[in-house]
Amino acid sequence: MTFTKSTSRPTVLAAYSVLVFAFIYLPIVVLILYSFNRDGVGGFPPVHFTLDWYRQLFSDLAIWDSVINSLVVAGASVALSLTLGLLAALALDRSNFPGKPLFRRLVLLPLILPGIITGLSLLMFAVFAGIQLSLFTVFLGHGSALISVATTEIFAGLQKLDRAQEEASLDLGATPWQTFWRVTLPNLKLSLIAAGLLIFTLSMDEIAVTFFLIGRDNTLPLEIWGRLRRGITPEINAISALIFSVSVALIVVWYRLRARSMSSVPRKLVETS
Amino acid sequence: MSVAGAISPQNAPGSSAPLLEIRDIAKRFGHAEVLKKISLQIASGEFLTLLGESGSGKTTLLRLIAGFEQPTSGQIWMSSGRLDTLPPYRRRVNTVFQNYALFPHLSVHENVAYGLRVKSTPRDEIAARVEDALGMVKMRDFAEARPATLSGGQQQRIALARALINRPELLLLDEPLSALDANLRKQMQSELKTLQREIGIAFLFVTHDQDEAMALSDRIALLRNGALEQVASPREIYSHPATAYAAQFIGQTNLLRGEVRGGSATCGAIRICPVTGLDGPATFSLRPEAIKGALDATIGTPYMTFKATIRQQIYAGATELLEVDCDGQLLRVRVPAGESLHGEHQFIFSPRDAVRIRD
Amino acid sequence: MYSRTYKTLVAVPPLLWVAIFLLLPYALMFAHSFWLVRDAFLIHQWNLQNYRALFTNPLYFQVFLRTARIAASVTLCSLVLGYPLAYYLSFHTGPRKELLYQLVIIPLWVSYLVRGYAWKTILGTDGVLNGFLQYLHITREPVSFFLYSPFAVILMLTHIYTPFVFLPIYAALEHIPRPLVEASQDLGASRRATFLRVILPLSIPGLLAGATFAFVLSLGDFLAPLLVGGPSATMIANIVQSLFGAAYDWPLGAAISVCILLITVSLLFATERLENRWSFK
C-alpha cells in the first residue's frame, strides 16, 4: 500500500471517523435499548428490563393489519417495478428512440425529487382519473416511483452481460424470444433479485409519497405515524427495533447479491483479452 | 539553465563514493519473503537495471527506494544520509511510474511544474524550468494539453520531464516502456540512453525484458525470487554468466553437464580441455553463436570438436539456429544463414567459450 | 442484432407507464398551479394569482428562506461528517474496508421514520439526552431547545443524509488511481498538499452529487418538522402539505410545488454541468 500506512497514523482522522460512526448508529442503538425499558421512553439510565412492550406489540391487531397491507403493496410494487424496470433497462441499453434522454431523466426523477412532489402529483392524477384513494393508489405511487431503482440496478447488470452469449444463442438457432428466456434473463438473475429486495425494503418504509395517496387502510409507516401524533410509547420503539432488524437483514442480503453479480467479468474486459 | 546543471560536484560520474547503498534489505508481505537480504550499490551517473521475472522482487525494491514501502529489515543510505526513514516527499529521488500516473485534472505544464509548485518555487523560475524540461523531452508544443489527449509515448515523455525537473539524485523508472508497442519502444530506449548520458543523473531502471536491459545498462542486477543472482555489466553477464539461470535468462545458451577430472571435462560426447577449477561434477554454459561449423576457420587453437546430426533449421534472416543432436544431447548452434543443411556435421568451439557456472 | 419489433416492444410499456403515471401527474400539477379555489370549489380559470401571491406575500418568502437555510445547514453538516469518513475509509483502512463500508451504508436504507423517531425520543424534555445530562449532573433541569426547534430538524436530517453524502464521495475517492497519490508524494508533496492538490479536486463530482442530493431532499422535507421541528421550524413543504389538507387550496399548493420542482431541476442541471467540468479520465 501507499506510504500513508507506514510511519505516522492519522489518529485525529481515525478518532473523528469513530465519532461520525457513533453519530450514525447511536440513536438507533438507544432506540432499541429503550424498547426493553420498563419505565418507558426517556430518562436515564434504563434499568428495568422487560419484554412487555414486545408482548403488547404482538397483540396489537391494528399494527399487524397494517403490516399485511404494507406487504401486499410492497409485493405488488416489486412485481410492477421489476417488470417495467427490466423493459426500461433493456430499452435504454439496446434501442434508440426519440426522446430517449428525456425518458432516462424522467425515469430517474422520482429518485431525487422530494417525495411530496411525486405524492401530490399522483394525488392530483387520482382525482383527475376518478380513482378513489386506497391501497391501490399507494401501490401505483410506489410502483411508479420505484421503477427508477429497478432500472438502475438492472441496467448495471446488463452492462456486465456478455453480448457474445446472446449472439452465440442466435447462432445456434434460438429465436430472440428463446434467447431472452434462456440466456439474457438467467444472466440477470442476481440483478433482478437484488433490485427486488431493495424495492421491497423501500416500499415497506415509504412515507412521503404514501402520505398523500393513502385511503382507509394504513400501511405500517403510516400506522406508526398516526400513533406518534397521539404520543410516544415504547411499543413504537419495539416495532421500530423490529423494522430495523428486518431491514438490516434484507439489505445485507441485497448487498451480498450485488457484490456477487458485480464480480462477474464485465463485457469490455472479455473483448480486449 | 539546462538540467545538466543537476550534477553536483560530489556526485560527478566517476567519483568513488556510491550514490545509493542498499544494505541487507529484506521485505516480507505477510508470510511471503519478497526480498531476501539484498545488498547493492549504485554509483552516481550510472544506468543500473533491475532485471527479473514478475515476482522476482524488482518492483518491490524500487518502491522501497522511492519510499512507498518500508523494509522489514536492513537500511538504505544515500550520499551519506539514511534514506529509508524519510517519507517519499523528502527523498531526493523521483519516479517514472509504469502507467505514467499523470494528473488528469492538470495540464501538461501544470503536471511538469508540480514538484516545483509544491516547494513554492518562484513563478518565473518555474516557467523557465518547465520550458527547459519540455524541450528536453521534445514536448514543448504540448504545454497546455491535457494528459488524456496524449498518446502513450507522449505521456511517457511528460512523466519523464515531470520527474527530472526536480533534479533528483536518482531517477527510478518502473518498466516505463512496457506499455509501448515494439517500434516506439526501440526508439524510446535510444532516447532514454542518450538523455541519461547527457544529464548524468543515475537511473535505476526496472524491466523484465533482457534485450532492453542489455541495450540500456551500464550494469545489470539480475534478481531471482528476491535474491541477487548476478550483478555485472551486460557484456560480463553475457560472456561469463555466474549461474545456469543467468545464462538462460539473458540470451540463449547450451548447458553442458559433466565431470571435471585433471583439467579437462567430459560432458556426454563432448570434451572440453583445458578447464579451470576443482574436479567433480560441473556445468558449462556454451552460447549457440560460439559453436561454428568445422569448416569455419576463424576459431584458433585449441579447439574442441564434436559430431552432431541436424534435427531442425530455424531461419532468422541474418542467421540460422540449428537444433542438433550430439549422441542424445540436444544443442543449439547459431550460424550465418546459408543453404539448407542435413545429416551429420562436424562442429567446433573454443574451450574458452565454455564458461563454468554454478547450477 | 435486435429487431425493430423487439426494440419497440421493449420500449413501449415503460414509456407508456411513465407518460401516464409520471409525466401526466407532473403536468397536472403544473396546470393546477394556474387555477383557483373559490368557496371551497376548484375553478379551472387560468390565471397567475397563485404565483403573484407567492412573490408578494412575505410569509412565503420567509418560510422559503428558513427552509433554504436549514437545507444548507444539513448539507454542510453532512459534508463535514461524511467527507472525512469517506476519506478515512478509502485511504486509511486495509482489509476491513469492505466491512466498514457496509456498516456505513446499511442505515442509509433503513426506515426514515425509525431514525426520525429515534431523535424524537432522544431530544425531548423527558428524553434520553436530558435524562443522561441530569444523571451526570451536568444540568439540573431539562433543556427544552433540543426538541421542537430548527436545531432538531437540522440534527435529524443530518443524521439521515450523512450516509447519502458519504456514498458518492466514497465512490469518487475509490476511483482515484493510487499511483496518482504516490506520484504526488514522489514529487515532494506532503500528505496534506497531496490531499489539497490531487485528491480533493478529483473527488469534486462525488462531492457535488452528494451535496445536491442532501440539499434537494432536505428542501422538500415535511416529515422532519412535523416530528421534531415544531411551529418554529415550519418548512415550505409543510405549507404545501397543509394547503392540500386542512387549508384546502390546491392551486396555491401546486404553485409552490412547481417552484420546488423547478428549483430542484435547475439545481440538478447546474450540478450536472459542474460535475462534467470537474470529471477527468
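**Loops, helices and chain contacts in a predicted model**

Arg167(B) sits in the loop between H4 and S7 of chain B. The model is a predicted one, and this loop residue makes a convenient way into it. Although Arg167(B) is not a glycine, its phi is positive, at about 50°. With 17 other C-beta atoms within 10 Å, Arg167(B) counts as partly exposed, because a residue needs 20 or more such neighbours to be buried.

A second residue of chain B invites a look alongside it. Tyr100(B) lies in the loop between S6 and H2 of chain B. Its phi is near 75°, again a positive value in a residue other than glycine. Tyr100(B) has 22 other C-beta atoms within 10 Å, so it is buried, whereas Arg167(B) is partly exposed. A further backbone feature of chain B is the cis peptide bond that joins Cys273(B) and Pro274(B), where omega is about 5°. Pro274(B) belongs to the loop between strand S13 (270–272) and strand S14 (280–286) of chain B.

These loops can be placed in the wider setting of chain B. Its secondary structure consists of eight helices and 20 strands. The chain has 359 residues, of which 41% count as buried. Along the principal axes, the C-alpha atoms of chain B fill a box of roughly 75 × 45 × 40 Å. When contacts between residues at least 6 apart in sequence are considered, 65% of them in chain B join residues at least 24 apart.

Helix H4 of chain B, which comes before the loop of Arg167(B), can be described in more detail. H4(B) covers residues 152–164, and its 13 residues reach 18 Å from the first C-alpha to the last, close to the 18 Å expected at 1.5 Å a residue. Of these 13 residues, 10 are buried, so the helix is largely enclosed by the rest of the structure. The buried set begins with Gln155(B), Gln156(B) and Arg157(B), continues through Ile158(B), Ala159(B), Leu160(B) and Ala161(B), and ends with Arg162(B), Ala163(B) and Leu164(B). What do the buried residues of H4(B) pack against? Their partners in chain B are two strands, S6 (93–96) and S7 (170–174), together with the helices H2 (108–118), H3 (123–136) and H5 (182–199).

Chain A also has a well-covered helix. In H9(A), 15 of the 17 residues are buried, and the helix is mostly covered. H9(A) runs over residues 189–205, and its end C-alpha atoms are 25 Å apart, which agrees with the 24 Å that 17 residues should span at 1.5 Å a residue.

Two helices of chain A show how packing looks within one chain. Two packed helices are described by the angle between their axes and the distance between the axes. Helix H5 (residues 115–129) and helix H6 (residues 135–160) of chain A pack at an angle of about 130°, with their axes 11 Å apart. That angle makes H5(A) oblique to H6(A), and H5(A) passes H6(A) in a right-handed crossing. On the H5(A) side, Thr118(A), Gly119(A), Leu122(A) and Ala126(A) take part, meeting Thr137(A), Leu140(A), Gly141(A) and Ala145(A) in H6(A). By class, this contact holds four nonpolar and four polar residues, and no charged ones.

Packing also takes place between chains. In the contact of chain A with chain C, 67 residues of chain A meet 77 residues of chain C. H1(A) provides the largest share of the chain A side, with 12 residues. That side comprises 53 nonpolar, 11 polar and three charged residues. Helix H1 (residues 11–34) of chain A and helix H3 (residues 58–92) of chain C have axes that come within 9 Å and cross at roughly 120°. The two helices are therefore oblique to each other, and the crossing is left-handed. Leu13(A), Ala14(A), Tyr16(A), Ser17(A), Val20(A) and Phe23(A) in H1(A) meet Leu81(C), Pro84(C), Leu85(C), Tyr88(C) and His92(C) in H3(C). The contact of H1(A) with H3(C) has nine nonpolar residues, two polar and no charged ones.

Finally, chain C touches chain B. Here 17 residues come from chain C and 19 residues from chain B. On the chain C side, the elements giving two or more residues are helix H8 (178–186) and helix H9 (191–219). H8(C) gives the most, with six residues. The residues on this side of chain C divide into 11 nonpolar, three polar and three charged.

Terms used: Residues numbered from 1 in each chain as written. Chains lettered and ligands numbered in written order. Predicted model: local features only at pLDDT ≥ 70, side-chain atom pairs only at ≥ 80, totals over all residues. Helix = DSSP H or I, 4+ residues; strand = E, 2+ residues; numbered from the N terminus. Buried ≥ 20, exposed ≤ 12 C-beta atoms within 10 Å, placed from the backbone. Contact = placed C-beta atoms within 7 Å. Nonpolar A, V, L, I, M, F, W, Y, C, P; charged D, E, K, R; others polar. Expected span 1.5 Å × (residues − 1). Axes fitted to C-alpha atoms, helices over the stretch in contact; angles between N-to-C directions. Parallel < 35°, antiparallel > 145°, perpendicular 65-115°, else oblique. Left-handed = near helix turned anticlockwise from the far one by under 90°.
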